[in-house]
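Please walk through this structure, taking the pockets, the helix beside one of them, the aromatic rings and a few single residues in turn.

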Amino acid sequence: MKIGIIVAMDKELQQLQQVFKGQQVLVEKCGIGKVNAALGVQRIINDYKPDCIISSGCAGGHGEGVHVKDVVVSTELAYHDVYCGSAIDDTTQYGQVQGLPARFPADPWLLEQATALRAQAETLSTQLHEGLIVTGDWFVDSKEKMRSIVEKFPDALAVDMESAAIAHACYLSKVPFISFRVVSDMPLSDSHASQYHDFWATVAAQSFELTRAFVEKLRTA
């Protein structure tokens, strides 16, 4: 099985390259934000022709029971910063690009394989959660920013800057996709992104082992 993993930042790339060192898994960096993400994943699709794409790296977490170092697996993905209005189509929802789904669903088989890792996550002293991941071109470094997002998407479990754009491109190219993100910070209980910076300073090195387990499960399923 040809698996493409896409990340946004050098920090994430370095961690995952170490995790998958010596394995035939493509790990590439796209850069931060929606445009970079869409361009990066389309390049992988065109050049590598993967059987599936995984958006990996970190994300801000939200919701009861979600903690730093937990993993959020996307069931659905949406944009939190897109609004097309109602002048042309009054059925379009906030976060929806007209003519496309309001939420991009994760591939059912990939989601099934991911959620089967819940018990394994506990052995790694983390938890696995499945739910909505929302994406926008904001670095969420304040409680106020996070509140404005969850007011519109109260069911969101994670916020990042790439996953929905990657899902968008995969949807158009008909490539199975899922986002598998490690929680680096909880913006509603954080100040000045201190949890985020501490994550990279002290926690990140052990945070992507469940990603390894997920990929190994895909390759042997």
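The lining of the largest pocket is made up, by class, of 12 nonpolar, two polar and five charged residues. The model is a predicted one. The volume of this largest pocket is about 250 Å³. Of the 19 residues that line the largest pocket, Cys-58, Phe-139, Asp-160, Met-161 and Tyr-196 are the closest to its centre. Three elements give two or more residues to this lining: strand S4 (58–61), strand S8 (156–160) and strand S9 (177–185).

Met-161, one of the residues closest to the centre of the largest pocket, also has a neighbour from another part of the chain. The C-alpha atoms of Met-161 and Thr-135 are separated by 4.9 Å, although the two residues are 26 residues apart along the chain. Thr-135 belongs to strand S7. With a relative accessibility of 0%, Thr-135 counts as buried.

The second largest pocket holds about 150 Å³ of space. Its lining consists of Phe-104, Pro-105, Ala-106, Asp-107, Pro-108, Ala-167, Cys-170, Tyr-171, Val-175, Pro-176 and Phe-177. Sorted by class, these are 10 nonpolar residues, no polar residues and one charged residue. Strand S6 (104–105) and helix H6 each supply at least two residues of the lining. Which element gives the most to the lining of the second largest pocket? It is H6, with three residues.

Helix H6 spans residues 163–173 and is mostly covered, with eight of its 11 residues buried. The buried residues of H6 are Ser-163, Ala-164, Ala-165, Ile-166, Ala-167, His-168, Ala-169 and Cys-170. An α-helix has 3.6 residues a turn, so residues three or four places apart point the same way. In H6, Ala-167, Cys-170 and Tyr-171 are among the residues that line the second largest pocket. Of these, Ala-167 and Cys-170 are also listed among the buried residues of the helix.

Just after H6 comes Lys-174, which takes a positive phi of about 60 degrees. Lys-174 has this positive phi although it is not a glycine. The residue lies in the loop between H6 and S9. Is Lys-174 buried or exposed? Lys-174 is exposed, with a relative accessible area of 74%.

Ser-125 has a comparable backbone feature: its phi is near 60 degrees, a positive value in a residue other than glycine. Ser-125 is found in the loop between H4 and S7. At 62% relative accessibility, Ser-125 counts as exposed. Thr-126 lies in the loop between helix H4 (118–123) and strand S7 (128–135). Thr-126 is buried, however, with a relative accessible area of 8%. The side chain of Thr-126 is joined to that of Asp-70 by a polar contact of 3.4 Å.

The aromatic side chains come next. A pair of aromatic rings is described by the distance of the centres and the angle of the planes. Across the whole structure, a search finds five aromatic pairs. In the pair formed by Tyr-94 and Phe-153, the ring centres are 6.1 Å apart and the planes are at 55 degrees, so the pair is tilted. Tyr-94 sits in the loop between strand S5 (71–79) and S6, and Phe-153 in the loop between helix H5 (143–152) and S8, so the pair ties together parts that are 59 residues apart in sequence.

How do the two rings' residues stand with respect to the surface? Tyr-94 counts as partly exposed, at 33% relative accessibility. Phe-153 is buried, with a relative accessible area of 5%. Tyr-94 also has a charged partner: Lys-152 lies over the face of Tyr-94, at 5.0 Å from the ring centre. Elsewhere, Lys-2 lies over the face of Tyr-48, at 4.7 Å from the ring centre.

Ring pairs also link Tyr-79, Phe-104 and Tyr-171 into a cluster. Two members of this cluster, Phe-104 and Tyr-171, have already appeared in the text, as both line the second largest pocket.

Notes:
Residues numbered from 1 in each chain as written. Predicted model: local features only at pLDDT ≥ 70, side-chain atom pairs only at ≥ 80, totals over all residues. Heavy atoms only, no water. Buried < 20%, exposed > 50% of the residue type's maximum accessible area, 1.4 Å probe, protein only. Helix = DSSP H or I, 4+ residues; strand = E, 2+ residues; numbered from the N terminus. 1 Å grid on protein atoms, 1.4 Å probe; cavity = no way out; pocket = protein on both sides within 12 Å on 5 of 7 lines; lining within 4 Å. Points joined across faces, edges and corners; volume = space filled by probe spheres on them. Nonpolar A, V, L, I, M, F, W, Y, C, P; charged D, E, K, R; others polar. Phe/Tyr/Trp six-rings, centres within 6.5 Å; stacked < 30°, edge-to-face > 60°. Lys NZ or Arg CZ within 6 Å of the ring centre and 35° of its normal. Polar contact = N/O pair within 3.5 Å; in protein donor to acceptor, adjacent residues only side chain to side chain.
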